[in-house]
Amino acid sequence: MRRVAPALEVLVPLALLGLWAAWSASSDTFYYPPLTDILETFNETWVFERVGSDVVPSLLRLTAGYLIAVVLAVAIGIPLGLNRTARRAAAPIVEFLRAIPPPALLPLAIVVIGVGNSMKVALIAFVCLWPVLLNTIDGIRGIDPTLRDTARVYGVSRLATLPAAAPQIFAGMRTSLSLAVIMMVISEMVASTNGIGFFVLQSQRSFAIPEMWSGILLLGILGYALNLLFAAVERRVLAWHREAHA
Amino acid sequence: MLEVRHLSKSYGDTPAIGDVDFAVAEREFVSVVGPSGCGKTTLLKCIAGLLAPTSGEVKLEGDRVMALVFQEYSRSLMPWLSVRKNVALPLRRRSKEERARLVEEAVEAVGLRAHLDRYPWQLSGGMQQRVAIARALAYQPQILLMDEPFASVDAQTRADLEDLILEVRERYDVTIVFVTHDIDESVYLSDRIVVLGPSPTTVKEILGVDLPRPRDQVETKELPEFARLRAHVYRLIKREEARVAP
Amino acid sequence: MIAPAAAVLAVLALWELAVRTGLLNERHVPAMTDTVAELASLLGDDDFWVAVGHTLEGWALGLGIAAALAIPLGILIGSSPTAYRSVRFVIEFLRPIPSVALVPLAVLIYGVGLESKVFLAAFASFWPLLVQTLYGVRDVDPVATDTARSFGLGRLERLYRIKLPSAIPYIATGLRISSAVALILAVTAEIVIGSAGLGREINIARQGGAIELMYALIITTGLVGYGLNALTTRAERRVLHWHPSQRQVAA
């Protein structure tokens, strides 16, 4: 069975792709153009015509917002995870702010900050903060009691906290990454003049359907590439965790 | 050097420790034995400062530098650090040279010099516990507290570790408080034995162990005095257990 | 009980002060008292409650569909390394597609009503839950599984005696996250597409310059989210009472 798996890993997606190509080529719907058309449009649009005008701005906003969120979340999450009173005091405020659905904040952000890049970065950062923050807190609280006691006895609690909570923090960072992409797209759809999200919505509005699909495809690829990058970083940083649990 | 004065500890309404009172002199090896669940671990944690006693106090002369070796060695070693870095971790405040020296000495003393750059998960249970012991030794504590440290290793390894602890005790001149449920072990290792009763625990008796040093796994255990002591402790504990049995 | 209450009061007081002293521009941020008054008056407004209902409807249907699919699938795929490896590539590619990218597609196919909203909410909340479930089923202490195997526990028994209890903290966290994501997408549909619900009302308020109303509605979405989160957290806690993060006193 082991030998079949690597083959399956490639075959299953290829099979699905083949199915899509076959079905879309034969169908007549305007909304589902043949896969070949989509790929052709993709090539014309994104390789590399609109990279500078749309992809780069999108990526810059995304990266800035995400990184700000992670740093803030860990910085806030560690003290909160450790200090019971602080956590209890901050809990309702954190829970409330986190509970506001980010799209609802978009009109607010527009009113307060405007429609520029800083609004988008701030919004992405705000949204990505919460999963990482909550996972950081969970990670801290879930540290093995023996490990925690040992660290206390030797006076190394501070040093041991972040690595011990790291696996859980990374789980949160992974969730936040997909949220970051979502928020990037939403903010570009509603209040932007460039970016991939903007492009996809514009295409739909002007009924440029293959272009719309090419944009969706690009967003999928982008998301995938980001996850790949994330996984590589995680693999490196959490090698010890994987090995210890192997 | 260490005085435990009328220590009691309750969790809410449940008393764990009733009234424990004993003293430990410098360089003494004192074992604490008692029936399972009598609160030996709680007692050790109170001494180490990890738990606050409900009443009574723990007095330690000097700087209060204590090291604690747990039974669950795998959960007390930092999985993201190598052996070398694990042992070095509590020594942050020292200079680089001193740190390296202490680590080398301690790891050599426990016989793990060849494994300095390995990770805990790469070592056997006995070896991991040696790392924990090395870490405690490198820390140069006034008192080494050990909570059933050899309970989770096989009998052969246990004998080796027992002899190891006697060796390092000679070499480092450290005071040891050793919690165990293994009566043979307590007689073999100690200068004095504190026998605890069942929960809520109190001190039933404190015995002196007048066996010659250096101890030997075969010769010491052949001595009639050894048998007498172990029988005495055994009967004491059994009698106490019977008293509270339903 | 005192610390949280004090913290909340402090924040509210600071808000009021900041606006009244001009630190915050009142065209951007209305005074706390005005906002609260607006919120209070909304409670008596029928249309308001209808909008709340519409938002909740989209959330519930979306999350429900996602959970019904993601949890069983996650357990199934997670317990079989072969299955996981076969499907991994597909999941890794489909997962990061931002559901919002499908907003235009949803509009084309389902229109601007409830179905679009549910489609988007379900699609979005499916993935975090699937991933968390997979993480949980796969991140099991090998000693536990070996012990179970040595006791002769069959694959299925190992699954629900060892793997599931170990995976449950992750699934519980996943549900908490997915619930929030479902609400996010429901509101997204309302704001971007204009489906009926709180999001649409917020947009209308902003476009009409009714800032207090906009803030009051946003706070409402926060309260709705908070309430839903409290529900999922309580459920999570009940399921997790044995997990180290809940254990405060080691005996």
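Helices and strands here are DSSP runs, with at least four residues for a helix and at least two for a strand, numbered from the N terminus. The model is predicted.

**Figure 1. Chain A is built from helices, with zero strands.** Eleven helices make up the secondary structure of chain A. Read from the N terminus, the order of elements is α-α-α-α-α-α-α-α-α-α-α. The C-alpha atoms of the chain fill a box of roughly 70 × 60 × 30 Å along the principal axes. Of its 246 residues, 46% are buried. Among contacts in chain A with a separation of 6 or more, 72% join residues 24 or more positions apart.

**Figure 2. Confidence in chain A varies from element to element.** Mean pLDDT for chain A is 87, with 96% of the residues at 70 or more. The lowest mean among the elements belongs to H1(A), at 76. The highest belongs to helix H3 of chain A, residues 51-82, at 92.

**Figure 3. Helix H8 of chain A carries a kink at Ala166(A).** H8(A) has 34 residues, and from its first C-alpha to its last the helix reaches 46 Å. That span is close to the 50 Å expected at 1.5 Å a residue. The kink at Ala166(A) is about 55 degrees and lies shortly before the proline Pro167(A). H8(A) is mostly covered, with 28 of its 34 residues buried.

**Figure 4. Chain A meets chain C through residues from several helices.** The contact involves 57 residues of chain A and 61 residues of chain C. On the chain A side, at least two residues each come from helices H1 (4-26), H4 (84-99), H5 (102-112), H6 (117-141), H8 (157-190), H9 (196-205) and H10 (209-237). H4(A) gives the most to this side, with ten residues. By class, the side of chain A that touches chain C has 42 nonpolar, nine polar and six charged residues. H8(A), the kinked helix of Figure 3, is one of the contributors to this side.

**Figure 5. Chain B combines nine helices with nine strands.** The C-alpha atoms of chain B fill a box of roughly 55 × 45 × 30 Å along the principal axes. The radius of gyration of chain B is 18 Å, which agrees with the value near 18 Å for a compact globule of 246 residues. Buried residues make up 44% of the chain. Of the contacts in chain B with a separation of 6 or more, 72% are between residues 24 or more positions apart.

**Figure 6. Confidence in chain B is lowest in a strand and highest in a helix.** The mean pLDDT of chain B is 89, and 99% of its residues reach 70 or more. Strand E1 of chain B, residues 2-11, has the lowest mean, 85. Helix H3 of chain B, residues 83-88, has the highest, 94.

**Figure 7. Ala242(B) is an exposed residue in helix H9 of chain B.** The helix spans residues 224-244. Ala242(B) counts as exposed because it has 9 C-beta neighbours inside 10 Å, and the cut-off for that class is 12 or fewer. Pro198(B) is 44 residues from Ala242(B) along the chain, and the C-alpha atoms of these two residues are separated by 9.9 Å.

Definitions and conventions
Residues are numbered from 1 along each chain as its sequence is written. Chains are lettered from A and ligands numbered from 1 in the order in which they are written. This is a predicted model: local features need pLDDT of at least 70, side-chain atom pairs count only at pLDDT 80 or more; totals for chains, interfaces and linings use all residues. The radius of gyration is taken over C-alpha atoms; the globule rule is 2.2 Å times the number of residues to the power 0.38. A residue is buried if 20 or more other C-beta atoms lie within 10 Å of its own, exposed if 12 or fewer, and partly exposed in between; C-beta atoms are placed from the backbone. Two residues are in contact if their C-beta atoms, placed from the backbone, lie within 7 Å. Ala, Val, Leu, Ile, Met, Phe, Trp, Tyr, Cys and Pro count as nonpolar, Asp, Glu, Lys and Arg as charged, and the others, Gly among them, as polar. pLDDT is the predictor's confidence in each residue, from 0 to 100. The expected span of a helix is 1.5 Å times one less than its number of residues. The bend at a residue is the angle between axes fitted to the seven residues ending there and the seven starting there.
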